[in-house]
Each structure stands twice: as structure tokens, then as C-alpha cells.
Amino acid sequence: ARLRLKDYEVAEKDFFKVLELNPNDIEARVNLGNLEIKRDHPRRAISYLSKAIEIKPNTYQAYDNRGLAFMDSGEPGKAVMDFKKALSINPAHASTYNNYALLLASYPKEEYRDGQKALEYARLACELTGWEDSIKLHMLATAYAEGGDYKQAVEWIQKALSLVNNDDDRKDILNDLALFSEGKPYRSEIIVVDGQKPGGRD
């Protein structure tokens with residue numbers, strides 16, 4: 001979900017203060033990477049997350065989020081490698097299964113999509129979060145839509161809608177509910193220039 005601009009700026013200043021005290025602080029670098037992903041600046045995110053990995057190679061959160069940034073920037077092969085690396089370090093990380101499923105269900109180029117595997121990973125993410133996380137249920141619905149099962153897609157996205165707790169995520173879910181109700185899958189979009197996302201989910 002998109003944060004307000006001032007929230008980005010405050011968070012960024014806090015993370016930079018941490019790095020001034022300790023340039024090797026992994027959490028601050030991962031958080032800066034996450035912030036840049038939310039800002040639609042995947043290349044900046046990749047820089048922060050790559051540095052975190054350089055400092056501490058087994059930081060699975062950095063691989064997970066760098067994979068998402070690679071996906072956003074149009075480098076799906078690198079994204080897949082990072083998701084696989086993250087899962088090799090922590091095979092019970094729900095976010096990685098969710099992000100990997102997003103690529104497999106929604107990447108614009110068909111050769112990178114695999115609806116069956118997306119559904120498998122989306123279900124794992126839901127299981128790991130007790131079937132009570134709206135983001136994971138939204139992804140499950142997206143995977144069903146990619147596989148052409150729009151009845152299940154609508155059922156699960158309605159469940160996600162019942163659990164969502166912020167307006168930005170609710171807007172995304174409603175947009176996709178409309179898509180799935182019309183028998184259309186969701187497609188992510190590549191960010192050609194940092195900060196200029198043509199559309200799709202935030």
C-alpha cells in the first residue's frame with residue numbers, strides 16, 4: 001500500500017540517522033529498500049538491498065524484496081533467482097511465497113507465468129499466515145484468476161476484502177474484484193523509469 005509522501009520522508013530520515021551511527025545496519029538498509037519499492041523506485045531499492053546482501057549474505061528479507069524490485073524493473077530472471085535464494089535461507093517466509101506467486105501469476109510476459117505454481121505458492125503463503133492475511137488472500141485470488149478459475153478468484157478476493165484494514169489495499173482489492181468478476185486476470189506493469197509507474201497495484 002502507498003504511504004503518504006510525508007511518511008516516506010520521515011521514515012527515510014530515521015533510517016539515514018541509523019546508518020550514520022552504523023553504516024552496516026542491515027535492518028535500516030532493508031527498510032530503505034522497501035521504502036523505495038513503495039515509492040516505485042525499484043532501481044534505488046536494488047541498490048540498498050544489494051548492499052544489505054553484501055554486508056550480510058544470508059539476509060533473506062533483502063533477497064525477497066530485491067526480487068520484487070527486480071520484477072518491478074523488468075528483470076524477472078533475476079527476481080526468480082532472488083526469490084529462490086530467499087526461500088533456500090528461510091523456507092517458511094510467507095512474504096517470499098506471496099511475491100513469487102505474484103510474478104508467476106501476473107508478469108506481463110507469458111513465458112514467466114505459471115498459474116499452477118502461482119497457486120501452490122499463494123496457498124503456502126496463506127497457510128503460513130493462518131488464512132487471515134488480506135494481502136495473501138488477495139494473491140490467492142490473483143493466482144486463481146491466472147488459472148482461469150474466476151469463481152474461486154471472486155470468492156477469495158471477497159474474503160480478502162472482509163479482512164482488509166487500510167484504504168489503499170481496499171482500493172486495490174476492489175479494482176481486482178472488478179477484473180475477476182469480468183473474467184479478466186491481473187497483470188503487473190514494469191516501471192521503465194523510477195517514479196513513473198504506468199498503473200497497476202501500488
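User: What caps the N-terminal end of α10?

Analyst: That job falls to N166. This is a predicted model, and in it a side-chain oxygen of N166 lies 3.1 Å from the backbone nitrogen of D168. A polar contact needs an N or O pair within 3.5 Å, so a distance of 3.1 Å qualifies.

User: Happy with that. What makes α10 agree with the span expected of a helix?

Analyst: Helix α10 covers residues 167-181, which is 15 residues. From the first C-alpha to the last it reaches 21 Å, close to the 21 Å expected at 1.5 Å a residue.

User: Which residues of α10 are buried, and how do you know that they share a side?

Analyst: The buried ones are D169, D172, I173, D176, L177 and F180. They cover an arc of only 140° around the axis, and therefore sit on the same side of α10. The face turned away from that buried side carries the exposed residues D167, K171 and S181. As for what covers the buried residues of α10, α8 and α9 are included.

User: What is the sign of phi in the glycine that follows α10?

Analyst: The residue is G183, and its phi is positive, near 75°.

User: Let's turn to α9. How do you know that its length agrees with its number of residues?

Analyst: Helix α9 has 14 residues, which should span 20 Å at 1.5 Å a residue. Its end C-alpha atoms are 20 Å apart, so the two agree.

User: And what puts the buried residues of α9 on the same side?

Analyst: In α9, the buried residues are A153, V154, I157 and A160. Their arc around the axis is only 120°, which puts them on the same side of α9. K151 and S162 are exposed on the face turned away from the buried side. The cover over the buried residues of α9 includes α8 and α10.

User: Since α8 keeps coming up, why is S134 called buried?

Analyst: S134 has 10% relative accessibility; buried means under 20%, so S134 counts as buried. Its place is in helix α8, residues 134-146. Leaving aside residues up to four places away in sequence, S134 touches A160, L163 and V164. The C-alpha atoms of S134 and A160 are separated by 4.3 Å, although these two residues are 26 apart along the chain.

User: What sets D40 and W131 apart as buried or partly exposed?

Analyst: D40 has a relative accessible area of 6%, which falls under 20%, so D40 is buried. W131 is at 25%, between the 20% and 50% limits, so W131 counts as partly exposed. Each has a backbone feature to look at too. D40, in the loop between α2 (26-38) and α3 (42-55), has a positive phi of about 65° although it is not a glycine. W131, in the loop between α7 (115-128) and α8, has a positive phi near 60° and is likewise not a glycine.

User: Why is the pair Y107 and Y112 called edge-to-face?

Analyst: Their ring centres are 5.6 Å apart, within the 6.5 Å limit, so the rings pair. Their planes stand at 75°, over the 60 degrees needed, so the pair is edge-to-face. Y107 is at 1% relative accessible area and is therefore buried, whereas Y112, at 31%, counts as partly exposed. The whole structure holds five aromatic pairs, and ring pairs link F83, Y97, Y100 and Y121 into a cluster.

User: What does R113 touch, and what makes its approach to P108 a polar contact?

Analyst: R113 is in the loop between α6 (94-106) and α7. A polar atom of its side chain lies 3.2 Å from the backbone oxygen of P108, and the cut-off is 3.5 Å, so this is a polar contact. Not counting residues up to four places away in sequence, R113 touches several residues, including Y107, E146 and R187.

User: Finally, which residues have the most contacts inside the largest nonpolar core?

Analyst: They are M71, Y100, L103, M139 and F180, in a core of 48 residues. Outside its own stretch of up to four places in sequence, M139 touches N98, A101, L102, A105 and A122. There is also a second, separate core of seven residues, including L19, L32, L35 and Y48.

Note on methods: Residues numbered from 1 in each chain as written. Predicted model: local features only at pLDDT ≥ 70, side-chain atom pairs only at ≥ 80, totals over all residues. Heavy atoms only, no water. Helix = DSSP H or I, 4+ residues; strand = E, 2+ residues; numbered from the N terminus. Buried < 20%, exposed > 50% of the residue type's maximum accessible area, 1.4 Å probe, protein only. Contact = heavy atoms within 4.5 Å. Expected span 1.5 Å × (residues − 1). Arc of directions from axis to C-beta. Polar contact = N/O pair within 3.5 Å; in protein donor to acceptor, adjacent residues only side chain to side chain. Phe/Tyr/Trp six-rings, centres within 6.5 Å; stacked < 30°, edge-to-face > 60°. Core = buried A, V, L, I, M, F, W, Y, C linked by side-chain atoms within 4.5 Å.
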